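These are my notebook entries on one protein chain. I record below what I looked up and what I found.

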Amino acid sequence: MQYTNTVRRGHVINGLKIEGANSGFMARIAAASEVGVNGLICNVAFTNAEVHTDTGNTGFLTSYMGGQGSGGVRNVYVHCVSQGSNTAIIGWAMYQNSHRILNCIVETRADAGATNVYGFSSNTYYCQLKGIVIGQGVAAYKTQTNSYLDKFTVKCELYGDYSAFIADWPNISDQFTEAEWSDVMWDTENYGIPVPKALAAKGVSEGDITIDEDTTATVQAGQSFQIGYSGCLVKLKLESGGNTDGIELNGNIVTVDESVSEGTQFKVIASSVIDPEVTDEITITVSAA
C-alpha cells in the first residue's frame, strides 16, 4: 500500500486491497452500543483499490456504520479496479440515526459474474446520502423495505462510465450544493466537475489514458462499436474532419446510422478530465451495411 500526504489537497491511498467478511479500511464506524461516537472518514482519495470476500459481506471503506452518533463519510473518492460478489464500496450496512454520506464519488467495475455489488450500500436504513456511482455491473445502493431513508436526503446518481457522468454534470450539479464540495479535497475548476486535488496535482491516478483497442477499427453502417479504455477520470469525445451526421457517441458506445457512407472515417479521443493533454485516440472507418 502506498500513502501520499499532500498539504491542503487531501490524501491519496493507492493499491489498497480489502479481503474477508465484515472488513474494511475502517471496518466499523461506531458500534450499536456506543452513544455519541462520531467516527468520520473525509478528504481522502483511494486509487486502484480492490475489495473481495470469500464468505459473508464486506465494504471497502467500512462494513458497518451505526451507533447513536452522527458520524459518516464525506468528500471521499474511490477508484476500484476489482470488486467481487457481496461487496459495497462505501459501506455494506448503514444503520441507526442520521449518519451522513456526502459528496462522495465511487468509480468501480464489478468482476465478471459478480453479484450483489454496490457502490454505496446494500443494507441501508437511516442515512443522508449524496453521491455519484460510476460503474459497470453495480447498483448505486439498496434500501431495505423497512427503511427510514425517506426521512433523509437521498441523491445518488448512477452512470455506466465517467464520460456519461461528465456529460450529465450540468444537469445535476445544482442538486449537490446543500453540502458543498470541500475546497480542501476537490478541484472544481476543470469542467466544473469535482476531481480530487491530490490527483489533479500529479496528473492521472493510473498514468496514461489508454484505449483498449488498436489505433484503428472498422464498424459496419447500422451497427454500434464499444470503446474500451484504461485509466480513471476519462472523457471521451467524437472528432471528425468532415460531417458527423449519423454518428453518435453515447458514453463509450459509438452508433453509426445505416445512411453513413462506406469509407467515412472519424476519431474517438479519450482524454483525462484533470489533464486534457493526456490522451489516446482510435480512428474508425465505416464499412458497407
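**Entry 1. Cysteines**

Is cysteine 156 buried or exposed? I found cysteine 156 buried, with a relative accessible area of 18%; buried means under 20% relative accessible area, exposed over 50%, and partly exposed in between, with a 1.4 Å probe and protein chains only. Before going further I noted that this is a predicted model, in which local features need pLDDT of at least 70, side-chain atom pairs count only at pLDDT 80 or more, and totals for chains, interfaces and linings use all residues. I also noted that residues are numbered from 1 along each chain as its sequence is written, and that side-chain values use heavy atoms, with hydrogens and water left out.

I then looked up cysteine 104, which is buried at a relative accessible area of 0%. Why is cysteine 156 not bonded to cysteine 104? The closest cysteine sulfur to that of cysteine 156 is in cysteine 104, and the two are not bonded because 9.8 Å is too far for a bond. A disulfide is counted when a pair of cysteine sulfur atoms lies within 2.5 Å. I searched the whole structure on this basis and obtained zero disulfides.

**Entry 2. Strand β25 and its partners**

I turned to strand β25, residues 265–272, and found it mostly covered, with six of its eight residues buried. Helices (H or I, at least four residues) and strands (E, at least two) are DSSP runs, numbered from the N terminus. Two strands are taken to pair if DSSP finds at least two bridges between them.

Which strands pair with β25? Strand β22 (residues 234–239) pairs with β25 in the antiparallel sense over six bridges. Here glutamate 239 has lysine 267 of β25 as its bridge partner. Strand β26 (residues 279–287) is also antiparallel to β25, with seven bridges. In that pairing phenylalanine 266 is matched with isoleucine 284 of β26. I noted that a hairpin of six residues joins β25 to β26.

I also looked up threonine 283, which is found in strand β26. Threonine 283 is buried at 18% relative accessible area. Its C-alpha atom is separated by 8.5 Å from that of threonine 218, although the two are 65 residues apart along the chain.

**Entry 3. Nonpolar core**

I asked which residues have the most contacts inside the largest nonpolar core. The core has 45 residues, and those with the most contacts inside it are Tyr77, Ile105, Tyr162, Phe165, Phe266 and Ile284. Elements giving two or more residues to this core include α1 (162–172), β22, β25 and β26. The largest share, five residues, comes from α1. A nonpolar core is a set of buried Ala, Val, Leu, Ile, Met, Phe, Trp, Tyr and Cys residues joined through side-chain atoms within 4.5 Å.

**Entry 4. Strand β5 and its partners**

I next followed the parallel pairings of strand β5 (residues 40–52). Strand β2 (residues 11–14) runs parallel to β5 and is joined to it by four bridges. Asparagine 14 stands opposite threonine 47 of β5. Strand β3 (residues 17–19) is likewise parallel to β5, over three bridges, and glutamate 19 stands opposite histidine 52. Nine bridges join β5 to β8, again in the parallel sense. Leucine 40 has glycine 72 of β8 as its bridge partner.

**Entry 5. Largest pocket**

How much space lies in the largest pocket? I recorded about 280 Å³. On a 1 Å grid over the protein atoms alone, a pocket is an open set of points where a 1.4 Å probe fits, with protein on both sides within 12 Å along at least five of seven lines, and lining residues have an atom within 4 Å of a point. Grid points are joined across faces, edges and corners, and the volume is the space filled by probe spheres set on the points.

The lining has 16 residues, with His79, Glu107, Arg109, Tyr229 and Gly231 nearest the centre. β8 (72–83), β11 (100–109), β14 (128–136) and β21 (229–230) each supply at least two lining residues.

**Entry 6. Positive phi**

Finally I looked up two asparagines. Asparagine 86, in the loop between β8 and β9 (87–88), has a positive phi of about 60 degrees although it is not a glycine. Asparagine 116 lies in the loop between β11 and β12 (117–118) and has a positive phi of about 55 degrees. Asparagine 86 is partly exposed at 24% relative accessible area, and asparagine 116 is partly exposed at 41%.
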